[in-house]
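Colleague: I'm new to this one, and I'd love a close look at a single part of it. Could you walk me through one strand and the partners beside it?

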Amino acid sequence: MSQVFHDIEKKIITSLKDNPKQTPENLEKSTKLSPDQIRRGIEWLKLKELANVDESKSSIVSLGKNGKESLEKGLPERRLLDLLKTKSHLSDLQKELGPVFGPAMGLARKNNWVNATADKITLKNPPDVLPGEKSLKQIGKNKLSVSELDSDDLSGLLRRPDFVVEEIVKTKQISLTNSAKSINLDDSSGGIDVEAKVPEVFVARTHPLKDTIDEIREIFVTLGFSEIYGNMTQSSFWNFDALFTPQDHPARELQDTFYLDGISAKKIVTPEQIRKVSDSHKKNWRYQWDINEARKMVLRTHTTCVTIKHLAETKPDEARVFSLGRVFRNEKVSYKHLVEFNQIEGVVVGKDANLRNLMGIQREFYKRIGITKIKFWPTFFPYTEPSLQTMVYNERLGKWVELFGMGIFRPEVTKPLGITKPVLAWGGGIERIAMLKYGLDDVREFYNNNLSWLRSATKCQ
């Protein structure tokens, strides 16, 4: 079956048939193609198994600063030996040679070329050609391959500082494979290979986790909820105190929460609300509430702080709102825990709102996201009573797993903030839902930048 070749490929094949082994630089000259065209053409031929690329490394040497000086004046030891033909006093030699006297003398004594006394040096029996002189002359002002030089003679110069500069040069030799040598380019023009594989193209797409977030947002909007927004940094008052979490609760310790060092909130809320929240803590938890603890700034540990602040500011008779965003927990990273993840938080306010309404909303949400096997389990949360845990059945694991927490805000949460109607609340991690949707056992997979998985994950689950 004939193949179709690009003009670039044809020019490279033709040139290599005339000259079987060439470097990319040679091909540029022989084909009149640009370096980029040569690179692309070689890659195309390699993929078609029509070209071989042999890579090799060679060592190239040239003279450094001291090497150039020695080429002009002679090696330090040669200059010493030449001076000894007319002078022998140590002081005269030192004055004449300056800083190179020490190294020159060291080499001369090491090789037994001189006799030395306290103040006099005489020639013994030096060789006609000193080690390194031959290589020094050969290199001269050029760059030579190490293979062109006497390795024993060169080795001494390589050990001396800044005498010889060595650099590694990589070269490529391009040649045709046996199948390419028999190609008749005249037969390849005009034909179309209908069985050839098409190029694999990966189109841009949104991240699977972002798809899940967008899907959850759309579900709540279609259920009549409005989205509210809040800062990722919050005062401890809104993150903990307003939610009836005592100031000595373990969740407020450094090992669980990220605090912003040296930053405190100036004005958190109205004096009246501070007084009522403080009284609620003192009466029910029986400890001395500290305003300074409430002023400490944290990276929010949940999005509930956004919704409770919204309710305290608006005091609605009826409302359906949700908050969605990043939260932060000082936890050990594992297959199911991250220090930074996404959370969805929703509330419903109404005079007749009850636990049955809350379970109904949850069932509808899970149904729309594709989860049908759910049940509710009694549990405890500091700011809701009664409180439930949503359990969903993981078909792949064959067991029930916990997902969202939910309940009705306690009066100790709502009354101090002036909220008079019952508030249904729920929230949970979005990554856990995404793990169910995409069949993952490790939450870290969403952040590993594994391109093969990102490309294979279907958009609709």
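Modeller: Happily! Let's start where a hairpin of five residues links E12 to E13. A word on the basis first: this is a predicted model, where local features need pLDDT of at least 70, side-chain atom pairs count only at pLDDT 80 or more, and totals for chains, interfaces and linings use all residues. Residues are numbered from 1 along each chain as its sequence is written, and side-chain values use heavy atoms, with hydrogens and water left out. Strands here are DSSP runs of E with at least two residues, numbered from the N terminus, and two strands pair if DSSP finds at least two bridges between them.

Now to the strands themselves. E12 covers residues 374-378 and pairs with E13 in the antiparallel sense, over five bridges. One pair to look for is Trp377, whose bridge partner in E13 is Gln389.

E13 itself spans residues 384-394 and is mostly covered, with eight of its eleven residues buried (buried means under 20% relative accessible area, with a 1.4 Å probe and protein chains only).

Moving on along the chain, E13 forms another hairpin, this time with E14, and four residues lie between the two strands. Look in that turn for Gly398, which has a positive phi of about 70 degrees. E14 takes in residues 399-409 and runs antiparallel to E13, joined to it by eight bridges. Among the facing residues here, Leu388 has Met406 in E14 as its bridge partner. So, to picture E13, place Gln389 opposite Trp377 and Leu388 opposite Met406.

Methods. Buried means under 20% relative accessible area, exposed over 50%, partly exposed in between (1.4 Å probe, protein chains only).
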